[in-house]
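Please look through the chain below with its fold in view, and then follow the account from its charged pairs to its sheet and its nonpolar interior.

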Amino acid sequence: GLRPPPPPLNPAVLPRHLYLHVPFCARRCTYCDFAIAVRRVVPVDEYLGALQQELALRYPPTATPWELDTLYLGGGTPSRLGGEGVARVVELVRSRASLAPGAEVTVEANPEDVLPGVVARWREAGVNRVSLGAQTFDPAVLDWMHRVHAADRIGDAVATMRAEGIQDFSLDLIFALPTQLSRAWEADVRQALALEPTHLSLYGLTVEPHTPLGRQQARGEVTEAPEERYEAEFLRANALLTGAGFEHYEVSNFARPGHRARHNSSYWRGVEYAGVGPSAHEYDGRARRWNVAPYVDWVGRLAAGRDPMDGSETLSPENRVAETVYLGLRTTDGLRLTPGEHAVVAPWVAAGWGVIDQDVLRLTPLGWLRLDALAAALTSYRSC
């Protein structure tokens, strides 16, 4: 049947944060469950044309000026667009919205794409932050992950970024890998620290059934890391990074003081954000909507003048309670407790899972390991 028309975006809301999904990848990583498009040659012109159509559809020009505090090119592998492609994307956004003074403009990149002329063009276009997908410094593990870059390219990429004037960069690492890989996690964390990033994102590996890794596990070729090792690696990284002066400000994220990811922090604060590109989500403070994930579907709909939205939901009061609790507990901003909730969380504090300061509950790293269960318990209490 015909899909109902999407709820109109709140015209009073021009979000100050824009996420732009760039789906292209050289190949699919072993663990990847994201909406990507593997392309040997990236169709930059086709992608930009569709992007322009979606921006015009979602955010037609109005008398109200639109200013952005953050612009984030995520993926996929946005760096696959090259120097000129990324610059054209930023310039396209700037033709519709202005970037506030000091706006954070981030590009997710893989080390093999970070080359001197390329980074210089990004910098010229206004990019001032890079999130680099390192994942590990172990060559055998990179090979198993199906990553394109060699281990020594990570350090080369960092040197190139610094030489071209991008000092603000994050490194991604993955922990809790299958036991068979014998990966030395602490060595990876120490090598990342030696590169002196301003930010680190650490993600525990989850096995999704429809990925190459999921199929390997189904065949009995690999075994997911036991919970004890997941916990031990998470806590060891926390000790090493906080010991080196990083703030562990969100479950998976560590930053030097003053270098928290401002774009991602907008999601955790629950503020409005715009999202364009295949599979992109957006939120106007009332409803959330998301686009079709396959690149060809997204392009096809826009070429036909149709909205590429795939679904939407208006948040119910129950949804809002759940999100407030979950988002509050996942960062060091914490969650303000109501008077009756102190008794509910007292056992958590006693177990070392959280601390309460002036009615604000902040989970400790031990508590973050139990985030889903603790958030569910508090949501359940609030919903009674």
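In this predicted model, the structure holds 23 salt bridges, and a few of them repay a careful look. Arg-58 is a good place to begin, since Arg-58 and Glu-54 form a salt bridge in which the closest N and O atoms are 3.3 Å apart. The two residues both belong to helix H1, which spans residues 44-58, and they are four residues apart there, about one turn of the helix. Are these two charged residues buried or exposed? Arg-58 counts as buried because its relative accessibility is 8%, and Glu-54 likewise counts as buried because its relative accessibility is 0%.

Arg-58 also takes part in a salt bridge with Glu-282, where the closest N and O atoms are again 3.3 Å apart. Glu-282 lies in strand E12 (residues 281-283) whereas Arg-58 lies in helix H1, so this pair ties together parts of the chain that are 224 residues apart in sequence. Both Glu-282 and Arg-58 are buried. These contacts belong to a wider arrangement, for Glu-54, Arg-58, Glu-282, Arg-289 and Asp-307 are linked in a network of salt bridges.

Another charged pair is made by Arg-382 and Glu-341, whose closest N and O atoms are 2.5 Å apart. This salt bridge links distant parts of the chain, with Arg-382 in helix H14 (residues 371-383) and Glu-341 in helix H12 (residues 341-350), 41 residues apart. The two partners are not equally covered: Arg-382 counts as partly exposed because its relative accessibility is 25%, while Glu-341, at 1% relative accessibility, counts as buried.

We can now turn to the sheet. Nine strands form an open sheet with mixed pairing, and their order across it is E9-E10-E8-E7-E6-E5-E4-E1-E11. Strand E9 (247-250) and strand E11 (274-276) stand at the edges with a single partner strand each, so one side of each is left without a neighbour in the sheet. From one strand to the next, the twist averages 20°.

Within this sheet, strand E7 deserves attention together with the strands on either side of it. Strand E6 (residues 129-135) and strand E7 (residues 169-175) pair in the parallel sense over four bridges, and among the bridge partners are Ser-131 with Ser-170 of E7 and Gln-135 with Leu-173 of E7. Strand E8 (residues 199-204) also runs parallel to E7 and is joined to it by six bridges, with Phe-175 standing opposite Gly-204 in E8. How many residues of E7 are buried? Seven of its seven residues are, which leaves the strand mostly covered. Phe-169, Leu-171, Leu-173 and Phe-175 point one way from E7, and Ser-170, Asp-172 and Ile-174 point the other way, yet all are buried.

Helix H9 (residues 262-269) packs on the sheet, where it touches strand E1 (17-22), strand E4 (67-75), strand E5 (98-109), E9 and strand E10 (253-255), and the direction of the helix makes about 110° with that of E1.

The nonpolar interior can be read in a similar way. The largest nonpolar core has 86 residues, and Leu-20 and Tyr-47 are those with the most contacts inside it. When neighbours within four places in sequence are left aside, the residues in contact with Leu-20 include Tyr-47, Leu-51, Leu-71, Leu-73, Val-89, Val-93 and Val-276. Apart from this core lies another, of eleven residues, among them Trp-144, Met-145, Val-207 and Val-222.

Phe-246 offers a further view of the interior, this time from the loop between helix H8 (227-243) and E9. Although it is found in a loop, Phe-246 counts as buried because its relative accessibility is 4%. Beyond its neighbours within four places in sequence, Phe-246 is in contact with residues including Leu-193, Pro-197, His-199, Leu-200, Leu-241 and Phe-254. Its C-alpha atom is separated by 9.6 Å from that of His-259, which is 13 residues away along the chain.

It remains to ask how far the model can be trusted in its parts. The mean pLDDT of the chain is 92, and 96% of its residues reach 70 or more. Over residues 1-6, however, pLDDT stays under 50, and for this stretch the model has six contacts beyond four places in sequence. Where pLDDT is low, the predicted coordinates should not be read in detail.

Key
Residues are numbered from 1 along each chain as its sequence is written. This is a predicted model: local features need pLDDT of at least 70, side-chain atom pairs count only at pLDDT 80 or more; totals for chains, interfaces and linings use all residues. Side-chain values use heavy atoms; hydrogens and water are left out. A salt bridge is a side-chain nitrogen of Lys or Arg within 4 Å of a carboxyl oxygen of Asp or Glu. Buried means under 20% relative accessible area, exposed over 50%, partly exposed in between (1.4 Å probe, protein chains only). pLDDT is the predictor's confidence in each residue, from 0 to 100. Contact means heavy atoms within 4.5 Å. Two strands pair if DSSP finds at least two bridges between them. Axes are lines fitted to C-alpha atoms, for helices over the stretch in contact, and angles run from 0 to 180 degrees between N-to-C directions. A nonpolar core is a set of buried Ala, Val, Leu, Ile, Met, Phe, Trp, Tyr and Cys residues joined through side-chain atoms within 4.5 Å.
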